[in-house]
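Visitor: Could you take me through one part of this model at close range? I would like to hear about a single pocket and then about a few residues elsewhere.

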Amino acid sequence: MAAPKNVKIEFSGGAELLFDKIKVHDVALPLVADGAWNIRKLLVWMKENMLKERPELFIQGDSVRPGILVLVNDADWELLGELDYELQDKDRIVFISTLHGG
């Protein structure tokens, strides 16, 4: 069976306010039955285990809200398959909010 995935999850642009105001999280993802973690599963896990308030400001449907940029190892997730990108051990996932209140 595959080992758990260790990833670094970072927030900026205000997204960290929804995650207890903590910008950087080192996370050991638990083993899953099929051994594969993708961003779709990660978002569900984050909602259930990390998100502290106002999930509607981060999640919309089964993805992130429009206005939140997602980078995987400094590359735009759109180039990597978005929700279907399979996480690798030591990946760095950054969520940057471009939404600013006035």
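Guide: Here is a walk through the pocket, followed by three individual residues. Please keep in mind that this is a predicted model.

Let's begin with the largest pocket, which holds about 160 Å³ of space. Its lining is made up of G13, G14, A15, L17, L18, L57, F58, I68, S97 and L99. Sorted by character, seven of these lining residues are nonpolar and three are polar, while none is charged.

Next comes H25, which sits in strand β2, spanning residues 24-29. H25 counts as buried because its relative accessibility is 14%, and the cut-off for buried is under 20%. The H25 side chain comes to 3.1 Å from the backbone oxygen of I22. Leaving aside residues up to four places away in sequence, H25 is in touch with V7, K8, I9, F11, F19 and M50.

Two loop residues deserve a look for their backbone angles. R54 lies in the loop that joins α1 (39-49) to β3 (59-60). The phi of R54 is near 45°, a positive value in a residue that is not glycine. With a relative accessible area of 46%, R54 is partly exposed.

N73 belongs to the loop between β5 (68-72) and β6 (75-76). For N73, phi is near 50°, again positive in a residue other than glycine. The relative accessible area of N73 is 40%, so N73 is partly exposed.

Key. Residues are numbered from 1 along each chain as its sequence is written. This is a predicted model: local features need pLDDT of at least 70, side-chain atom pairs count only at pLDDT 80 or more; totals for chains, interfaces and linings use all residues. Side-chain values use heavy atoms; hydrogens and water are left out. On a 1 Å grid over the protein atoms alone, a cavity is a set of points where a 1.4 Å probe fits but cannot get out, and a pocket is an open set with protein on both sides within 12 Å along at least five of seven lines; lining residues have an atom within 4 Å of a point. Grid points are joined across faces, edges and corners, and a volume is the space filled by probe spheres set on the points. Ala, Val, Leu, Ile, Met, Phe, Trp, Tyr, Cys and Pro count as nonpolar, Asp, Glu, Lys and Arg as charged, and the others, Gly among them, as polar. Helices (H or I, at least four residues) and strands (E, at least two) are DSSP runs, numbered from the N terminus. Buried means under 20% relative accessible area, exposed over 50%, partly exposed in between (1.4 Å probe, protein chains only). A polar contact is a pair of N or O atoms within 3.5 Å; within protein, one must be able to donate a hydrogen and the other to accept it, and residues adjacent in sequence count only if both atoms are side-chain atoms. Contact means heavy atoms within 4.5 Å.
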